[in-house]
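Visitor: Before we begin, please set each value against the rule behind it, so that I can follow how every conclusion is reached.

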Amino acid sequence: MMIRDLFKEKKPVISFEIFPPKKNYPIESIYETIESLRDLNPDFISVTYGAGGSSKNRTVEIASTIKNKFNVEALAHLTCVSSTKSEIDRVLKELKDNNIENILAMRGDIPSDADFDFPNPLQFKYANDLICRINSNDNFSIGAACYPEGHIEATCKTDDLKHLKNKVDSSVDFLITQMFFDNELFYNFMEKIDLMGIKVPVTAGIMPVLNINQMNRIIQLSGCSIPPKFQRILNKYEHNPEALKEAGTAYAIDQIIDLLSWGIDGIHIYTMNKPDTTKEIMNSISNIRKFLTEDKVI
Ligand code: FAD
């Protein structure tokens, strides 16, 4: 099913994100995770592409397994930073051949390695260029990334929003946000994009923080801000992994409950391949989810 149709049918749309196992682990090592996540009844599961050095070649295979073996809708991430135009065309064909109908189209993070040559003439420069290629090639439902606090490279937030509007105007069906820890920043962002005429569904990317190293990596990569309430939690429990995990999960649940009450189109949980934490979150919102879905509060 196309994810654009899913958003027309229900609210909230609940989705999970996983990443492929590292190259030296067998691909089957992710199956147990997918099975546990499937049991939580998500509307779709997405698979990252080449993020954080993991193997991009496994994304199509895992997305295909999600869809064709576990019967859950799949969203394959695709980036242009680490692939040439012809590689992109090959991946699009593989996705089509595997019955995958949904792509999250992004540029990808540019590696800090000084020898990394990007963009070169063989590549697409921005997510928008990739989106135009996907549209001209085949019939996929296309999602894109958005940044409630602005993209980390953006020197001007107004221009960043204009670039987002251009992306959406190139036939993007839905947006998934980068993680954020302050819902008020997200609500401000939603007001701004609404005024700009961005009307596609926006699903909120929520990351349960489970350890301090993960948190430091997130801040470094995304530049997202930490509100005082969350900073107090990090300060208090940073040296007690169990307590931090408990508090990080509770914080994510608190954020999600607020977003659902606000009327969010969807929640996208960055699972970090940890089904237990995702299960805890889903159990905590099971009655809310049932209430909202049954009442079709669209
Ligand atoms: P773009 O939309 O191309 O924007 C990148 C920067 O360029 C922005 O600062 C923008 O303002 C600027 N820009 C855009 N168009 C123009 C223009 N015409 N002129 C000048 N400037 C312009 N990364 C991975 O590698 N693999 C993944 O699987 C992955 N999954 C993700 C999932 C989500 C939900 C999110 C939010 C991010 C994900 N990322 C992933 C990270 C993402 O690839 C990075 O944030 C990347 O740096 C930007 O990608 P983008 O598609 O938003 O880029």
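**Terms and values**

Guide: Across the whole structure, the search finds 9 aromatic pairs. This is a predicted model, in which local features need pLDDT of at least 70 and side-chain atom pairs count only at pLDDT 80 or more, while totals for chains, interfaces and linings use all residues. Residues are numbered from 1 along each chain as its sequence is written, and side-chain values use heavy atoms, with hydrogens and water left out.

Visitor: Why is the aromatic pair of Tyr31 and Phe70 called edge-to-face?

Guide: Rings of Phe, Tyr and Trp (its six-membered ring) pair if their centres lie within 6.5 Å, and planes under 30 degrees apart count as stacked, over 60 as edge-to-face and the rest as tilted. For Tyr31 and Phe70 the centres are 6.2 Å apart and the planes make 75°, so the pair meets the distance limit and falls in the edge-to-face class.

Visitor: What makes this a pair that links distant parts of the chain?

Guide: Tyr31 belongs to helix α2 (residues 31-38), whereas Phe70 sits in the loop between α3 and β3, 39 residues apart. Helices (H or I, at least four residues) and strands (E, at least two) are DSSP runs, numbered from the N terminus.

Visitor: How do you know that His77, with a polar side-chain atom 2.9 Å from an oxygen atom of the ligand, makes a polar contact?

Guide: A polar contact is a pair of N or O atoms within 3.5 Å; within protein, one must be able to donate a hydrogen and the other to accept it, and residues adjacent in sequence count only if both atoms are side-chain atoms. The 2.9 Å for His77 is within that limit, so the pair counts. An N or O atom in the side chain of Asp109 is 2.7 Å from an oxygen atom of the ligand, and for the side chain of His151 the value is 2.8 Å.

Visitor: Which residues are the closest to the ligand, and what makes a residue part of its surroundings?

Guide: The closest are Tyr49, Asp109, Tyr147, His151 and Asp160, among 23 residues that surround the ligand; a residue is near a molecule or strand if one of its heavy atoms lies within 4 Å of it. The largest share of this shell, 3 residues, comes from α6.

Visitor: What makes the largest cavity a cavity, and how is its volume of about 30 Å³ defined?

Guide: On a 1 Å grid over the protein atoms alone, a cavity is a set of points where a 1.4 Å probe fits but cannot get out, whereas a pocket is an open set with protein on both sides within 12 Å along at least five of seven lines, and lining residues have an atom within 4 Å of a point. Grid points are joined across faces, edges and corners, and a volume is the space filled by probe spheres set on the points. The count comes to 1 cavity of 30 Å³ or more. Its lining consists of Tyr49, Thr59, Val60, Ala76, His77, Leu78, Val91 and Leu95, with β3 giving the most, 3 residues.

Visitor: Which element gives the most to the lining of the second largest pocket?

Guide: That is α7, with 4 residues, and the space in this pocket is about 150 Å³. Its lining includes Tyr147 and Asp160, both also among the residues closest to the ligand.

Visitor: Why is the peptide bond from Lys11 to Pro12 called cis?

Guide: Its omega is near 0°, and Pro12 lies in the loop between α1 (3-9) and β1 (13-18).
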